[in-house]
Amino acid sequence: MLDLLAERDETLAVAESLTGGLVAAGLTAVPGASRAFRGSVTAYATPLKRDLLGVDAGLLERRGAVDADVALQMARGVRSRLGAGWGAATTGVAGPEPQDGQPVGTVFVAVWGPPGSGAASGKVAALRLNGDRTEIRRESVRSVLELLMGELSENARAKDTEQNGEN
């Protein structure tokens, strides 16, 4: 994925909540990650989602941090704040207790792409994960990277079609 971003001269930034930096750690474990990975914000506390990522305060107050629209705003916010072409985000409940009225295993992952991409207005996936805290966090990382890779692949196919003169 990072190679694909680098080949296309595109960049990625990540906003994490329940994953607490695991997405960024996985990305930076790849040699040459700095060619495409701009950085991350671990906004574990709800006020940081508002203050650092620009998530709407009213939305956080009405729905809490574990919400599809919050995930989308986190992805959009980190993309903007860190000057990246793509933003990805994770928010949810890893346990051991429910949060914001949501049961353990409720997770939202999102991506926000550059103008002209299929994810230019964001894509989000709602997950209901089983397992312990470690398993939920690990699956959340896998899921956000899978969502991002799907959007990158779709965007690459769209660009190929456009370059070949097809509609």
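Which residues have the most contacts inside the largest nonpolar core? The legends below start there, and all of them describe a predicted model.

**View 1. The largest nonpolar core brings together 27 residues.** Leu2, Leu5, Leu12, Leu27, Phe37, Trp86 and Val107 are the residues with the most contacts inside this core. Two or more residues come from each of these elements: α1 (2-7), β1 (12-16), α2 (22-28), β3, β4 and α6. Helix α6 gives the largest share, six residues. As a general background, nonpolar side chains tend to be buried together in soluble globular proteins.

**View 2. Strand β4 is mostly covered.** This strand spans residues 106-112, and seven of its seven residues are buried. Follow the side chains along β4: Thr106, Phe108, Ala110 and Trp112 point one way, while Val107, Val109 and Val111 point the other way. Residues on both sides of β4 are buried. In a regular strand, side chains alternate between the two faces of the sheet. Val107 is also a member of the largest nonpolar core, among the residues with the most contacts there.

**View 3. Strand β4 pairs with β3 and with β5.** Strand β3 (residues 86-92) is joined to β4 in the antiparallel sense over six bridges. For a place to look, find Ala88, whose bridge partner in β4 is Val111. Strand β5 (residues 123-128) also runs antiparallel to β4, and six bridges join the two. Here a good landmark is Ala110, with Val124 as its bridge partner in β5.

**View 4. The largest pocket has a volume of about 160 Å³.** Which residues lie nearest the centre of this pocket? They are Leu18, Tyr44, Gly92, Ala94 and Gln99, out of a lining of 14 residues. By type, the lining holds six nonpolar, five polar and three charged residues.

**View 5. Arg8 and Glu10 meet through their side chains in a salt bridge.** The structure holds seven salt bridges, and in this one the N to O distance is 3.1 Å. Is Glu10 buried or exposed? Glu10 is buried, because its relative accessible area of 10% falls under the 20% limit. Arg8, at 21%, is partly exposed. Side chains of opposite charge can pair when their charged atoms come close.

**View 6. Glu146 and Arg142 form a salt bridge within helix α6.** The closest N and O atoms of this pair are 2.5 Å apart. Both residues lie in α6 (residues 133-163), four residues apart, which is about one turn of the helix. Arg142 counts as partly exposed, with 40% relative accessibility. Elsewhere, salt bridges that share partners join Arg63, Asp67 and Asp69 into one network.

**View 7. Asp67 forms a salt bridge with Arg63.** In this part of the network, the closest N and O atoms are 3.2 Å apart. Asp67 counts as buried at 11% relative accessibility, whereas Arg63 is partly exposed at 38%.

**View 8. Ser143 is found in helix α6.** Ser143 is buried, with a relative accessible area of 7%. How many residues apart along the chain are Ser143 and Thr19? They are 124 residues apart along the chain, and their C-alpha atoms are separated by 11 Å.

Definitions and conventions. Residues are numbered from 1 along each chain as its sequence is written. This is a predicted model: local features need pLDDT of at least 70, side-chain atom pairs count only at pLDDT 80 or more; totals for chains, interfaces and linings use all residues. Side-chain values use heavy atoms; hydrogens and water are left out. Buried means under 20% relative accessible area, exposed over 50%, partly exposed in between (1.4 Å probe, protein chains only). Two strands pair if DSSP finds at least two bridges between them. On a 1 Å grid over the protein atoms alone, a cavity is a set of points where a 1.4 Å probe fits but cannot get out, and a pocket is an open set with protein on both sides within 12 Å along at least five of seven lines; lining residues have an atom within 4 Å of a point. Grid points are joined across faces, edges and corners, and a volume is the space filled by probe spheres set on the points. Ala, Val, Leu, Ile, Met, Phe, Trp, Tyr, Cys and Pro count as nonpolar, Asp, Glu, Lys and Arg as charged, and the others, Gly among them, as polar. A salt bridge is a side-chain nitrogen of Lys or Arg within 4 Å of a carboxyl oxygen of Asp or Glu. A nonpolar core is a set of buried Ala, Val, Leu, Ile, Met, Phe, Trp, Tyr and Cys residues joined through side-chain atoms within 4.5 Å.
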